[in-house]
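Subject: Structure for you to look at

Dear colleague,

Please find the structure below. My notes on what was found in it come after.

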Amino acid sequence: MTRHEELARSFDLLVIDHPFIGQADRTGCFRDLRELIAAPVLSRLTAQGAGPSGQAYVWRGKVFALPTDAAAQVASYREDLLADLAPEPPRCWADVLLLAERARANGQTLSWAGTPTDAACTFLTLAANLGHPPGRNEGEFLPAHVTEQVMRHLHWIVQHAQPSCLVDNPIRVYEAMLAGERMVYCPAAFGYSNYARQERRPWLRFAPLAGPGAEPSRGALLGGAGMAISSHSVAPRAAAAFLAWLHSAKVQRGLYASAGGQPGNLAAWRDRGVNAMARDFFAATLTTLEAAWVRPRFAGIVAFVEAAGGEINRCLRGQTDMRRLQRALTALYHQAWAERGQALSPALKHAP
């Protein structure tokens, strides 16, 4: 039994990640919202999701959640530190390279979150940004030359980021950027608007992804979270009424945003008042969110990303080479696709 299945037996409402949707469909742990929310209302709330957030919870015609929170991998920076190195944040990868050199000459660094899961997320972002989203062809991951190209970029980031980058997650990165004067700019991590809130001193600014692809802001991995109703709920109608209220444009750009939430509704992202609360976090990153890439959601994809992230992190540490990494990623993806939700074989966790 998965963690989601266990929680669904204890709670009416669950906040979930969209990559679990295939697993949810296979296990039946969440209600199809089409059965509980009137079609016109459900259609409107899904369509109002920022970027592809609303559609991310639609699977095989069923709607398993509404977009409570919207996020994608974006860039972030210390405005005060960047001002000494560049007139504006990078708009393309060449700008990132130049900024890194200027930072190094000034005794500073870039920053990055490279834990296994975070390394996998940036890997997927860069692959999609380069025009090669994994899983484009059913059951196929990436050709070797694309994996090698993406890993070259990741190795470069590691060389120019803080020494602890391979054990840091986004929260640790953002806290460290605020606590010191050395980490100037993070090229890709999930954006958290609370680090840009007006009450922050100091604060972070956020900017579109500036990737190495032909369209630098496209292909960022979609994140965020949605709210689902347990199939075991004893009050599904009341739960559905709450979902419809919470995800309405009025509440998302009002109570939800003012309470510190990062809305999933597009109306909130475009709202001047909401942007004023978070130093234009939403307006500044909306182009990246609207062009975000939704990863495959078949049952088993979450386990694949976790296992793949371990292999990518090991390669960045110099503990495995490109040939072994490609073999491992390909084998892991093939098995995840073939088994569709069954546990990954321990033998594949560290494929030779």
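Just after α10, G260 takes a positive phi of about 105°. The model is a predicted one, and that applies to this angle and to every other value in this message.

I begin with the helix that precedes this glycine. Helix α10 covers residues 249-258, and its buried residues are A249, V251, Q252, Y256 and A257. These five span an arc of only 150° around the axis, so they sit on the same side of α10. K250 and L255, on the other side of the helix, are exposed. What do the buried residues of α10 pack against? Their partners are the strand β4 (66-69) and the helices α9 (236-246), α11 (266-269) and α12 (272-277).

Next, the chain as a whole. Its secondary structure consists of 15 helices and nine strands. The radius of gyration is 20 Å, close to the 20 Å that the globule rule gives for 352 residues, so the chain is as compact as a globular protein of that length. The C-alpha trace spans about 60 × 50 × 35 Å along its principal axes. Of the 352 residues, 56% count as buried. Among contacts with a separation of 6 or more, 74% are between residues 24 or more positions apart.

On the surface and the charges: the accessible surface comes to about 14700 Å², and carbon and sulfur atoms contribute 52% of it. There are 36 positive and 30 negative side chains, with the centres of the two sets 2 Å apart.

Some backbone details deserve a check in the viewer. Most residues other than glycine have a negative phi, and most peptide bonds are trans. Three places depart from this pattern, as follows.

- The peptide bond from R201 to P202 is cis, with an omega near -10°. P202 is in the loop that runs between β7 (183-190) and β8 (205-207).
- R60 is not a glycine, yet its phi is positive, at about 50°. This residue is in the loop between β2 (58-59) and β3 (62-63). R60 is exposed, its relative accessible area being 63%.
- D280, also a residue other than glycine, has a positive phi near 65°. It lies in the loop between α12 and α13 (281-290). With a relative accessibility of 40%, D280 counts as partly exposed.

α12 thus comes up twice: the buried residues of α10 pack against it, and the loop that holds D280 runs between it and α13.

The last item is S53. Is this residue buried or exposed? At 2% relative accessibility, S53 counts as buried. It belongs to the loop between α3 (39-47) and β2. Leaving aside residues up to four places away in sequence, S53 touches P67, A70 and L222. P67 falls within β4 (66-69), the strand that the buried residues of α10 pack against. S53 and V234 are 181 residues apart in sequence, and their C-alpha atoms are 28 Å apart in space.

Regards

Technical notes. Residues are numbered from 1 along each chain as its sequence is written. This is a predicted model: local features need pLDDT of at least 70, side-chain atom pairs count only at pLDDT 80 or more; totals for chains, interfaces and linings use all residues. Side-chain values use heavy atoms; hydrogens and water are left out. Buried means under 20% relative accessible area, exposed over 50%, partly exposed in between (1.4 Å probe, protein chains only). Helices (H or I, at least four residues) and strands (E, at least two) are DSSP runs, numbered from the N terminus. The arc is that of the directions from the helix axis to the C-beta atoms. Contact means heavy atoms within 4.5 Å. The radius of gyration is taken over C-alpha atoms; the globule rule is 2.2 Å times the number of residues to the power 0.38. Accessible areas come from the Shrake-Rupley method with a 1.4 Å probe; for residues, only the protein chains shown count as cover. Lys and Arg count as positive and Asp and Glu as negative; His and the chain ends are not counted. The place of a charge is taken as NZ of Lys, CZ of Arg, CG of Asp or CD of Glu.
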